[in-house]
Amino acid sequence: MRYIIAKNQNETVEKIVSLAKRRGFVFQSSEIYGGLNGCWDYGPLGVDLLKNVKEEWWKAMTYREDIEGLDASILMHPRVWEASGHVENFTDPMIDCKQCKARFRLDTLGEMISKKVKDKIFSLRVDEMFTNALHNICVRLDYDFFAGTKLSEFYDVLNNFLKNSENEAKYLEALLSDPKVFLNLKTIISCPNCGNVGTFTEARKFNLMFKTFLGPVDDSANIIYLRPETAQGIFVNFLNVLNSSRQKLPFGIAQIGKAFRNEINTKNFLFRTREFEQMEMQYFCKPGTDKKHYDEWKEKRIEWFKSLGMTSTKLRFHDHPKEKLAHYAKEATDIEYEFPFGWGEIEGIHNRTDFDLGRHQQYSGKSQQYFDDATKEKFIPFIIETSAGASRSFMAFLIDAYYEEDVRGEQRSVLRFHPKLAPIKAAILPLVNKDGMPEISRKIETDLRPYLRIFYDDKGAIGRRYRRMDEAGTPFSITVDTQTLQDETVTVRERDSMEQVRVSISSLLNYLLDKLR
Ligand code: GAP
């Protein structure tokens, strides 16, 4: 008898981080030097899990007629980031203490503030303009909770909202991130470093793009940026791809690659890091058809996560309300996953209109128009973007797969990865290291290795070896035992059901390939 005693909503991120390290999925970057904040290394199992996530995405996106692949360089012409708006707008507010010169990012300041000061902040009442500003913040935070609330009843509704500690943290972060509201708060917050009150400067903008220099001279004329998103590499190659592939609208360009952001808040493991990978696809279409493509891509993308085994009740859309849309977006939604720390975006789908190509046309002086043969019209295409984080999806798949179970009084941890994502596809386990079993096992290993990632393990009791494979998420364990010596069959144990079937060695490869399809 087997029953599940814990599922990941009860697990902390720390537990996953520890499993990830112990089993070689993810290590802290530069760990022997104390680590580098917001950067992580993928270990032997992690690198294959990540590769499999990206491969499944690549297949879903490019194994079709209307989408081409691209791999643009990370470093791009600095004008790209002016055209995209990143130089001007990709910023977060920060403040300095005039007394001790310590510098803080506004939205992380909340973590350093005492309960007493927090209560003071929450009960601060200034004037109607201030109340209005708080109301706007709240509507942005939780539209359903606050929409339609009159100003006269706002503080009662707010008090109800703040009864939930998650809401309290979100609200405080939003208050501190709003430079105008902060002007009122800074008189009651003490500097976490020197303790002085009223010594903060006004908030200033801090750009999240990493800067570096092109060539040997470190001066401002040579500044370039590490790309904060892969999307711009696609936009600036729109005409190259169109002309070389002879595609016609609607068509898409897909790309997987690294992106870099000097993020303020890098907590929650791989959720928000400074270096990460994105899987982005930009779908170019005729204005007027954009809504149809947006709706189609929304459904396709959530189905992709489900098709790879992600629990469907832990996936949802979070449509952006009109007042929260970026200035260029007509419609936007997040695909969210329910992490142990709450719902979080794993992919964004945006109707970016003709903003991006229009801006690149303006900044480069090169026409980005499309000529429609059928109607003889010229126009700038609209773009539907699907933008997923490879590393964030990796984390969601890892957490979603993690179970602790009681099996006949013994506890096992198991990663129930979809077989397509599992880093190791099959383990080969000789029951004992004698009687010809190692030789047969090695022969099976040699035959399977060209096709599948295999793990050979002959150390310890067979039950222990199964547990190790369960914890690594290996879907099949192949045992060579006494019966193998008689009839050339092996036992194949399936990770989730733990059922065992006998399969002849000669049909083993086809058996596994069929199961992995
Ligand atoms: N081109 C649009 C764009 O970049 P975004 O919402 O900023 O949109 C898209 O990012 C996806 O990239 C997010 O849904 C998330 O999965 C991932 N992502 C963004 N910032 C990240 C970070 N600091 N660490 C890990 N993943 C991140």
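**A buried hairpin, a mixed sheet and two cores**

All 6 of the 6 residues of strand β18 (residues 402–407) are buried, so this strand is largely enclosed by the rest of the structure. The model discussed here is a predicted one. Side chains leave β18 in two directions. Tyr402, Glu404 and Asp406 point one way. Tyr403, Glu405 and Val407 point the other way, and these are buried as well.

The partner of β18 is strand β19 (residues 410–415). The two strands are antiparallel and are joined by 6 bridges. Within this pairing, Asp406 faces Gln411 of β19. The hairpin has 2 residues between its strands. Arg408 of the hairpin adopts a positive phi near 45°.

A second element of the architecture is an open sheet of 7 strands. Its strand order is β4-β10-β11-β17-β14-β13-β12, and the pairing is mixed. The edges are formed by β4 (67–69) and β12 (315–319). Each has a single partner strand, so one side of each is left without a neighbour in the sheet. From one strand to the next, the twist averages 25°. In general, strands of a sheet pair through backbone hydrogen bonds, and they may do so in parallel or antiparallel fashion. At the β4 edge the pairing is parallel: 3 bridges connect β4 with strand β10 (residues 251–260). Glu68 has Ile253 in β10 as its bridge partner.

Two helices lie across this part of the sheet. Helix α2 (residues 44–62) lies across β4, β10, β11 (275–285) and β17 (382–389). Its direction is at about 160° to β10. Helix α13 (residues 238–245) lies across β4, β10 and β11. For α13 the angle to β10 is about 135°.

Helix α2 is also linked to the sheet by charge. Lys54 and Glu277 form a salt bridge, with the closest N and O atoms 2.9 Å apart. Lys54 belongs to helix α2 and Glu277 to strand β11, so the pair ties together parts that are 223 residues apart in sequence. Both residues, Lys54 and Glu277, are buried.

This pair is one of 42 salt bridges in the structure. Another joins Asp356 to Arg352, with closest N and O atoms 2.7 Å apart. Asp356 and Arg352 are both buried. A further bridge links Asp481 and Arg502, at 2.9 Å between the closest N and O atoms. Asp481 sits in the loop between β22 (476–480) and α19 (482–487), and Arg502 sits in strand β24 (residues 500–504), so the pair ties together parts 21 residues apart in sequence. Asp481 has a relative accessible area of 13% and is therefore buried, being under the 20% cut-off. Arg502, at 32% relative accessibility, counts as partly exposed. Salt bridges with shared partners also build a network of Glu405, Glu410, Arg412, Arg416, Arg467, Asp470 and Arg493.

The nonpolar interior comes next. In soluble globular proteins, nonpolar side chains tend to be buried together. The largest nonpolar core here has 53 residues. Phe25, Phe269, Ile346 and Leu398 have the most contacts inside this core. Helix α16 (residues 390–401) supplies the largest share of the core, 8 residues. A second core is separate and has 35 residues, including Leu109, Ile113, Ile121 and Phe182.

Methods: Residues numbered from 1 in each chain as written. Predicted model: local features only at pLDDT ≥ 70, side-chain atom pairs only at ≥ 80, totals over all residues. Heavy atoms only, no water. Buried < 20%, exposed > 50% of the residue type's maximum accessible area, 1.4 Å probe, protein only. Helix = DSSP H or I, 4+ residues; strand = E, 2+ residues; numbered from the N terminus. Pairing = 2+ DSSP bridges. Core = buried A, V, L, I, M, F, W, Y, C linked by side-chain atoms within 4.5 Å. Axes fitted to C-alpha atoms, helices over the stretch in contact; angles between N-to-C directions. Contact = heavy atoms within 4.5 Å. Salt bridge = Lys/Arg side-chain N within 4 Å of Asp/Glu carboxyl O.
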